[in-house]
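Let us walk through this fold from one contact to the next. Keep the viewer open as you read.

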Amino acid sequence: MYIIHEDDVEARELPGRKYKVVVGPQNFGKSKNMLFGIASFPPKSIMPGHIHKKEEEIVYFLNGYGEMFFNGIPEIIKKGSVAYIPPGVEHSINNKSNETMNLIYVFSPPIG
């Protein structure tokens, strides 16, 4: 089996967001080198800043708009924006829109 639907994955919650780990070492595909997931941010919500010590992350914004902060410096995000976050960079998201912001993310190596 090589296909899964996001509805078949249970959502988890962290401050300011819900997320689903779709593909990863303990999830569908049992990927050894990557992790793929989707996340949603309620309208006008803020995801607190955090750092991944060894993982690279790529984020693709499916809708909404706001700011993504990198080491405290804001950059504008909107539908179609792509963010690359190297290891050790503090990052956070501020959904300024009146709609739920949805995004997809990839980690390598997979985050524990």
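Lysine 96 sits at 36% relative accessibility, so the residue counts as partly exposed. The model is predicted, and side-chain atom pairs count only at pLDDT 80 or more. Lysine 96 clears that bar in one pairing: its side chain meets that of glutamate 67 in a salt bridge, 3.7 Å from N to O. The count of salt bridges comes to 1. What does the pair tie together? Glutamate 67 belongs to strand S7, while lysine 96 lies in the loop between strand S10 (91-95) and S11, so the bridge links parts that are 29 residues apart in sequence. The acidic partner has its own setting. Glutamate 67 counts as buried because its relative accessibility is 15%, and the cut-off for buried is under 20%.

Strand S7 also leads to the interior. The largest nonpolar core has 19 residues. Phe61, Met68, Ile93, Leu103 and Tyr105 have the most contacts inside this core. Which strands build it? At least two residues each come from strand S2 (17-24), strand S4 (35-41), S6, S7, S9 and strand S11 (101-108). S11 gives the most, with 4 residues.

Now pick leucine 103 and look at what surrounds it. Leaving aside residues up to four places away in sequence, leucine 103 touches Gly37, Ile38, Ala39 and Phe41, among others. Its list of contacts also includes Val59, Tyr60, Phe61, Leu62 and Ile93.

Tyr105, another of the core residues with the most contacts, brings in the aromatic rings. How many aromatic pairs does the structure hold? The structure holds 1. Tyrosine 105 and phenylalanine 107 make up this pair, at 5.7 Å centre to centre with 70° between the planes. The arrangement is edge-to-face, because planes over 60 degrees apart are classed that way. Are the two residues buried or exposed? Tyrosine 105 has a relative accessible area of 7%, so it is buried. Phenylalanine 107 is buried too, at 5%.

Turn next to the surface. Ile58, Tyr60, Leu62, Val82 and Tyr84 form a nonpolar patch there. Together these residues have about 460 Å² of accessible area. Strand S6 (56-61) and strand S9 (82-85) each supply at least two residues of the patch. S6 and S9 also each supply at least two residues of the largest nonpolar core. Leucine 62 is found in the loop between S6 and strand S7 (65-70). With a relative accessible area of 38%, leucine 62 is partly exposed. Tyr60 and Leu62 are also among the contacts of leucine 103.

Finally, check the backbone. Lysine 30 is not a glycine, yet its phi is positive, about 50°. Its place is in the loop between strand S3 (28-29) and S4. Lysine 30 counts as exposed because its relative accessibility is 54%, and exposed means over 50%. Asparagine 71, also not a glycine, has a positive phi of about 50°. This asparagine 71 lies in the loop between S7 and strand S8 (73-78). At 48% relative accessibility, asparagine 71 counts as partly exposed.

Where is the cis peptide bond? The bond joins serine 108 and proline 109, with omega of about -10°. Proline 109 has its place in the segment after S11. S11 is the strand that gives the most residues to the largest nonpolar core.

Notes: Residues numbered from 1 in each chain as written. Heavy atoms only, no water. Phe/Tyr/Trp six-rings, centres within 6.5 Å; stacked < 30°, edge-to-face > 60°. Buried < 20%, exposed > 50% of the residue type's maximum accessible area, 1.4 Å probe, protein only. Patch = residues over 30% accessible without salt bridge, like charges linked within 9 Å, V, L, I, M, F, W, Y side chains within 5 Å. Areas by Shrake-Rupley, 256 points an atom, 1.4 Å probe, with all protein chains shown as cover. Salt bridge = Lys/Arg side-chain N within 4 Å of Asp/Glu carboxyl O. Core = buried A, V, L, I, M, F, W, Y, C linked by side-chain atoms within 4.5 Å. Contact = heavy atoms within 4.5 Å.
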